[in-house]
Amino acid sequence: MKCSSIILVSILLLHCSCKTNSSEKDLVEQSLINIPIMKTGKTSSLTKIWIDSITGHKVEKIVNRSGSNRSFYFHNNPFLKSADGQDDLMVFSGDTPTGNQYFTVNLATKEVQQITNKKGNKRGEIVGSKTRKIFYMIKDSVFSTHIDTHKTEFIYKFNDDVIGSVTTLNADETLLAGALITKEEQEIFKKNPKKSSYFDKIYDAKLKRSLITINIKTKEFSSIYSENAWLNHIQFSPDHTDLLMYCHEGPWHKVDRIWNINIKTKDTTLIHKRTVHREIAGHEFFSPDGKTIWFDLQIPRSVTFYLAGKNLDSGEETRYALKRDEWSIHYNISPDQKSFAGDGGDPGQVARAKDGMWLYHFTPKGDSLVSEKLVNMKHHDYDLEPNVHFSPNGKQIIFRANFEGNSQIYAVDIAKASKIN
């Protein structure tokens, strides 16, 4: 049956003697019956909800407001509970006439509320779920805004003779951490705004960078570690209050990238040591319990692909093999830590995949990952990285895409919605 050339979904259910299961399936059938099956792209995005005609998974545009809307970078946690504790909220950034502002979307009701109002472009995607605040920067100053009351507080202003930033919040939400860079480095960024231009230049310059912390309550500033290297990708452990991860940024095949530092003892630890020529490890992130650091591992670059995890207690490294087309720019892990997601990549990425433009769900089996394609990303421009997140209930994967020409936010169901004949 066709309606305006859109095929309506026909759900094929197996009858079961269990009344509870039958009732649940009936509810699923009713909720999906009028959802169109469409090729994922601009037209499907404008319908706001559809079933991907290739993968059979339901996709929904979850933020419906004018302008561009962006979900967070893959390792920045955007989630917290609603004030009444009933629903999950996700914080995101959206364009407005006064600069980008932060908003929440209720993942159950899709209600959107604006959190911030200060004029100016904001940097930083730092959500404190305990304090219920978002932390960010405008120019050289750090602020926080309460998610529920929208009360904004000034926290810290960097001195005029330094260039500082904050990017992460520790486990008890008392410290912000980030970096100081030199004015010489800032000039390189200004003169070479594209990553392809500045990436090697910043690495080769070997300019001084410092890891810093700011006490949110006392406003105390501390410089905890300095090196003539591009220190980047700074993340506090979600479990260990004093443990900070950072990387030696630059061409990955030239650096032993992933490091931890104890901000009290100042002890540093290399997480993965390269063993062969052109081996790379990167795009590291903590597991939800803070016990493991996961990362993209290629031995050597663009030849053999793994998602690897280093257990911080035992020192044991787990490696799950992937096929070339399954390689993803970013990976993420489910709340129950039993499966993974990946955002794929176009042929211009490091894997040189011929058919890698998909969102994936991965399930470990032995020493490999078994993949399922969730969303066809052929009509997405990978200059905008999708940056996948599992929803707090583990049932969806949330991502950003530019199917409409600008960035918008979507969620895809991990469970397949229908059979497509």
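Strand β8, residues 88-94, is a good place to start: 7 of its 7 residues are buried, so to speak of it as mostly covered is fair. Here buried means under 20% relative accessible area, exposed means over 50%, and partly exposed lies in between, using a 1.4 Å probe and protein chains only. Strands (E, at least two residues) and helices (H or I, at least four) are DSSP runs, numbered from the N terminus.

This is a predicted model, where local features need pLDDT of at least 70 and side-chain atom pairs count only at pLDDT 80 or more, while totals for chains, interfaces and linings use all residues. Residues are numbered from 1 along each chain as its sequence is written, and side-chain values use heavy atoms, with hydrogens and water left out.

## β8 and its partners

In a regular strand the side chains alternate between the two faces of the sheet. On β8, one side carries Asp-88, Met-90, Phe-92 and Gly-94, the other carries Leu-89, Val-91 and Ser-93, and all of them are buried.

Which strands pair with β8? Two strands count as paired if DSSP finds at least two bridges between them. Strand β6 (residues 69-70) pairs with β8 in the antiparallel sense over 2 bridges, with Asn-69 standing opposite Gly-94. Strand β7 (residues 79-81) is antiparallel to β8 too, joined by 3 bridges, and the bridge partner of Lys-81 in β8 is Asp-88. β7 and β8 make a hairpin with 6 residues between them, and Gly-85 in that turn has a positive phi of about 75 degrees.

Then comes strand β9 (residues 101-106), which runs antiparallel to β8 and is joined to it by 6 bridges. Val-91 stands opposite Thr-104 of β9. This hairpin also has 6 residues between its strands, and Gly-99 takes a positive phi near 100 degrees.

## The annotated stretch and a four-strand sheet

UniProt, in an unreviewed entry, places the feature "domain: Oligogalacturonate lyase" at residues 40-414. UniProt positions are given in the numbering used here, feature names are shortened, and annotations may be inferred rather than shown by experiment. Over residues 40-414 the chain is 7% helix and 44% strand, and the end C-alpha atoms are 16 Å apart.

One open sheet has 4 strands in the order β15-β16-β17-β18, paired antiparallel. β15 (163-169) and β18 (221-227) stand at the edges with a single partner strand each, so one side of each has no neighbour in the sheet. From one strand to the next, the twist averages 25 degrees. Angles like this run from 0 to 180 degrees between N-to-C directions, with axes fitted as lines to C-alpha atoms, for helices over the stretch in contact.

β15 pairs with strand β16 (residues 175-181) over 6 antiparallel bridges, and Thr-168 stands opposite Ala-177 of β16. Helix α3 (residues 183-191) packs on this sheet, touching β15, β16 and β17 (209-215), and its direction makes about 80 degrees with that of β16. Contact means heavy atoms within 4.5 Å.

## Backbone oddities

Two residues have a positive phi without being glycine:

| Residue | Phi | Loop | Relative accessibility |
|---|---|---|---|
| Lys-206 | near 50 degrees | between α4 (195-205) and β17 | 38%, partly exposed |
| Ser-302 | about 65 degrees | between β24 (292-298) and β25 (305-311) | 18%, buried |

The loop between β24 and β25 also holds Pro-300. A cis peptide bond joins Ile-299 and Pro-300, with omega at about -10 degrees.

## A buried histidine

Is His-57 buried or exposed? At 0% relative accessibility, His-57 counts as buried. The residue lies in the loop between β4 (49-52) and β5 (58-61). The C-alpha atoms of His-57 and Ala-411 are separated by 10 Å, though the two are 354 residues apart along the chain. Leaving aside neighbours within four places in sequence, His-57 is in contact with several residues, including Trp-50, Asp-52, Glu-372, Leu-374, Val-412 and Ala-417.
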